[in-house]
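Student: I have a structure to go through and want to look at its ligand site and its enclosed spaces. Could we take them in turn?

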Amino acid sequence: MELFKNVENGFIEMIFGPRWTYIATVRTFLQNFLSITLADNKWADVISMAASELLENAVKYASDEGTKISVEHKKDENKLFLHVENFSSKENIKILLSEVEQINSGEPQEVYLMKMQEAALRTDGGSQLGLARIRYESDAFIKVDVDNDLVKVTVVFDLK
Amino acid sequence: MNSFGIDNVITEKATVELSDISNGMKVTFSGDIDVQNPEPIFVPFFEQIHNKVLENNIKYVELDFSKLTFLNSSGIKTLIKWITKVTPLPVEKKYRFKIVANSEITWQETSLKMLSMLAPGLIEIQIK
Ligand SMILES: Nc1ncnc2c1ncn2[C@@H]1O[C@H](COP(=O)(O)OP(=O)(O)O)[C@@H](O)[C@H]1O
Ligand SMILES: [Mg+2]
């Protein structure tokens with residue numbers, strides 16, 4: 001048995017099936033937990049919103065069982081890393097990569113406004129708003145790693 | 001009940017109520033809007049309100065979000081759909097919105113401010 005004595009960096013990891021009902025539970029947990037860990041309550045709200053949007057995607061676009069969320073607070077850098085992983089189809093992974101590229105390439109507010117204008121015209125279920133919303137509301141950087149059909153979306157919050 | 005005869009929306013985690021106020025209509029949101037597909041629930045409701053507002057020549061609609069604790073991006077999309085129905089209307093048909101936000105709920109100020117940017121001059125925001 002082993003217990004870390006190093007409490008420099010906080011870490012949370014949860015793994016579950018791609019089921020919608022888990023999302024609100026995880027969001028509420030993170031909001032409560034982070035409001036204790038982080039001095040500023042605003043971050044707990046923003047990070048739990050982002051986690052909720054990412055988990056919605058992980059569930060909606062899952063091609064197989066397995067959803068993983070991890071939260072890593074690097075205290076020395078004063079950054080928080082939020083990762084969400086799932087399996088998905090080639091088509092969705094392609095869309096995700098181009099969405100993230102578009103979102104990171106523009107000014108967050110302009111991109112979000114443009115996405116909102118586009119969303120008004122969409123008749124399918126999707127909104128294409130979630131990722132742009134995260135970027136706008138948190139000013140965080142979004143990154144995607146792909147390994148075959150496994151996708152990892154990372155959002156880096158600069159807590160300064 | 002409201003004078004439009006439109007039923008309120010009551011879901012497991014959220015309630016959206018329509019009521020009459022002296023200078024127009026008021027929609028009060030409470031709870032969490034976090035279902036996978038909010039469109040079939042909210043789009044027809046907002047459409048009914050929009051049609052009745054036009055029919056009755058009402059010029060003011062208040063959207064009170066101060067008791068809404070969560071709204072996902074698909075929920076935001078349903079509001080965008082409503083607001084962008086008003087922007088292309090001729091001046092004499094247009095009506096104004098007032099959005100009431102709660103400063104203690106972090107996402108409200110940022111997300112709701114963006115809604116007002118969709119329809120410049122048509123939406124006023126009150127943060128309390
Ligand atoms: N975790 C994910 N796995 C696979 N594809 C994804 C994932 N997240 C997002 N996507 C793709 O990126 C698009 C944009 O996501 P988002 O901005 O959240 O909009 P929405 O959820 O309304 O579709 C999605 O429509 C989907 O095609
Ligand atoms: Mg989404």
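Student: Which atom of ligand 1 is 2.8 Å from an N or O atom in the side chain of Asn57(A)?
Tutor: This is a predicted model, where local features need pLDDT of at least 70, side-chain atom pairs count only at pLDDT 80 or more, and totals for chains, interfaces and linings use all residues; side-chain values use heavy atoms, with hydrogens and water left out. Residues are numbered from 1 along each chain as its sequence is written, while chains are lettered from A and ligands numbered from 1 in the order in which they are written. The side chain of Asn57(A) places an N or O atom 2.8 Å from ligand 1, and the ligand's partner is an oxygen atom.

Student: Which residue has a polar side-chain atom 2.8 Å from a nitrogen atom of ligand 1?
Tutor: A polar contact is a pair of N or O atoms within 3.5 Å; within protein, one must be able to donate a hydrogen and the other to accept it, and residues adjacent in sequence count only if both atoms are side-chain atoms. Gly130(A) uses a polar backbone atom, 3.3 Å from an oxygen atom of ligand 1. For the nitrogen atom, the side-chain partner at 2.8 Å is Asn86(A).

Student: How much of the accessible area of ligand 1 does the protein cover?
Tutor: Accessible areas come from the Shrake-Rupley method with a 1.4 Å probe; for residues, only the protein chains shown count as cover. On its own, ligand 1 has 530 Å², and the protein covers 97%.

Student: Which element gives the largest share of the shell around ligand 1?
Tutor: The shell has 16 residues (a heavy atom within 4 Å). Helices are DSSP runs of H or I, at least four residues, and strands are runs of E, at least two, numbered from the N terminus. α2, α3 and α5 of chain A each supply at least two shell residues. The largest share, four residues, comes from α3(A).

Student: What space does ligand 1 take?
Tutor: A pocket is an open set of points on a 1 Å grid over the protein atoms alone, where a 1.4 Å probe fits, with protein on both sides within 12 Å along at least five of seven lines. A molecule sits in one if more than half of its atoms lie within 2 Å of its grid points. By that rule, ligand 1 takes the largest pocket.

Student: How many residues line the largest pocket?
Tutor: Lining residues have an atom within 4 Å of a point. Nearest the centre are Asn57(A), Tyr61(A), Leu96(A), Gln128(A) and Leu131(A). α2 (73-86) of chain B also supplies at least two lining residues. The lining count is 27.
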